[in-house]
Amino acid sequence: MTSAPAPVHLRRATAADATAAADVWLRSFAAALPTVVRPRTDDEVRAYFRDVVVPLRETWVAEAGAGLVGVMVLDGELLSQLYLDPGWRGCGIGDRFVALAKERRPDGLTLWTFQVNEPAHRFYERHGFLAVERTDGSGNEEREPDVRYVWRPGR
C-alpha cells in the first residue's frame, strides 16, 4: 500500500489505457502468482489488451493521480480479470471493483482463479462467491489447476 494514496476513480477504459492496463496486469500477476508460468510474453499481453480486451470487453480501470492502479474486465457474466498494482492492494479498490461488477451484472457472476492464489479465494469468498468447480488446469493456457467461483444474488 502506498503511504498516502491518491483518490482513486473507477472509469471505463479507453484505447489510450490499453498499455497501462496491461502493465498493471503484468505487475500484479508477477507479484501474486510467482509460481505460475505465463504462456505469453509481456509484448503479447500488451497486444492482447490493445487488440482484444479494451476494444471488445467491458474493461474498467482504477485511476489514481496520473496513472492506472487497477483493471477489471467483464465478458458477459464472466469476471475475467481483476488485477491491482501490488502497491495498491489493501486500499479497497478490489472491493469497489467487485461492487461495480455486481451492479453491472445483477443476475450473477462467475470467475476463475488459480488454486495457488489463496488470497484471491479469501477475497472472493468474502464477497459471497462460492467455489463450485476445481480443475487440473488442462483447460487453461497456463496449465495451472484452477477454481471456478460463482456469485448469485440472494445467496
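Buried means under 20% relative accessible area, exposed over 50%, and partly exposed in between. Keep that handy for the exercises below, which all work on a predicted model.

**Exercise 1. Work out the chain's overall make-up: how many helices and strands are there, and in what pattern?**

Step 1. Count the elements: the chain has four helices and seven strands.

Step 2. Walk along the sequence, and the pattern reads β-α-α-β-β-β-α-β-α-β-β.

Step 3. Check the compactness. The radius of gyration is 15 Å, close to the 15 Å from the globule rule for 155 residues, so the chain is as compact as a globular protein of that length.

Step 4. Add the box: along the principal axes, the C-alpha atoms fill roughly 40 × 35 × 30 Å.

Step 5. Look at surface and contacts. About 8000 Å² of the chain is accessible, and carbon and sulfur atoms hold 50% of that. Of the 155 residues, 43% count as buried. Among contacts with a separation of 6 or more, 63% join residues 24 or more positions apart.

**Exercise 2. Test helix α1 against its expected span, then find what its buried residues pack against.**

Step 1. Helix α1 covers residues 18–32, which is 15 residues. At 1.5 Å a residue it should span 21 Å, and since its end C-alpha atoms are 21 Å apart, the two agree.

Step 2. List the buried residues of α1: A18, A21, A22, V24, W25, L26, S28 and F29.

Step 3. Recall some helix geometry. With 3.6 residues a turn, residues three or four places apart in an α-helix point the same way.

Step 4. Find the partners. The buried residues of α1 pack against α2 (42–56), β2 (58–64), β3 (67–75), β4 (78–84) and β5 (109–114).

**Exercise 3. Do the same span check for α3, and list its buried residues.**

Step 1. α3 has twelve residues, and from first C-alpha to last it reaches 16 Å, close to the 16 Å expected at 1.5 Å a residue.

Step 2. Its buried residues are I93, G94, F97, V98, L100, A101 and K102.

**Exercise 4. Take apart the largest nonpolar core: which residues touch the most other members?**

Step 1. This core has 25 residues, and M72, L79, L82, I93, F97, Y124 and F129 touch the most other members.

Step 2. Ask where the members come from. Elements giving two or more residues are β2, β3, β4, α3 (93–104), β5, α4 and β7 (146–151). The largest share, five residues, is from α3.

Step 3. Set the other core beside it. Apart from the largest one lies a core of 20 residues, including L26, F29, V61 and V73.

Step 4. Zoom in on L79. Leaving out residues up to four places away in sequence, L79 touches M72, V73, L74, T110, L111 and Y124.

**Exercise 5. Classify two aromatic pairs from their ring geometry.**

Step 1. The whole structure holds six aromatic pairs. Planes under 30 degrees apart count as stacked, over 60 as edge-to-face, and the rest as tilted.

Step 2. For W25 and F29, the ring centres are 4.8 Å apart and the planes sit at 25°, so this pair is stacked. Both residues lie in helix α1, four residues apart, about one turn of the helix. W25 and F29 are both buried.

Step 3. For Y124 and Y149, the centres are 6.4 Å apart with 40° between the planes, a tilted pair. This one links distant parts of the chain: Y124 is in helix α4 and Y149 in strand β7, 25 residues apart. Both tyrosines are buried.

Step 4. Look for a bigger group: W25, F29, Y83 and F114 form one aromatic cluster.

**Exercise 6. Decide for H127 and for Y48: buried or partly exposed?**

Step 1. H127 has a relative accessible area of 15%, which means it is buried. It lies in the loop between α4 (118–126) and β6 (130–134).

Step 2. Not counting residues up to four places away in sequence, H127 touches D95, V98, K102 and W151.

Step 3. Y48, in helix α2, has a relative accessible area of 29%, so it is partly exposed.

Step 4. Beyond its neighbours within four places in sequence, Y48 is in contact with R40, V53 and R57. The C-alpha atoms of Y48 and A18 are separated by 8.9 Å, with their positions 30 residues apart along the chain.

Note on methods. Residues numbered from 1 in each chain as written. Predicted model: local features only at pLDDT ≥ 70, side-chain atom pairs only at ≥ 80, totals over all residues. Heavy atoms only, no water. Expected span 1.5 Å × (residues − 1). Buried < 20%, exposed > 50% of the residue type's maximum accessible area, 1.4 Å probe, protein only. Contact = heavy atoms within 4.5 Å. Core = buried A, V, L, I, M, F, W, Y, C linked by side-chain atoms within 4.5 Å. Rg over C-alpha atoms; globule rule 2.2 N^0.38 Å. Areas by Shrake-Rupley, 256 points an atom, 1.4 Å probe, with all protein chains shown as cover. Phe/Tyr/Trp six-rings, centres within 6.5 Å; stacked < 30°, edge-to-face > 60°.
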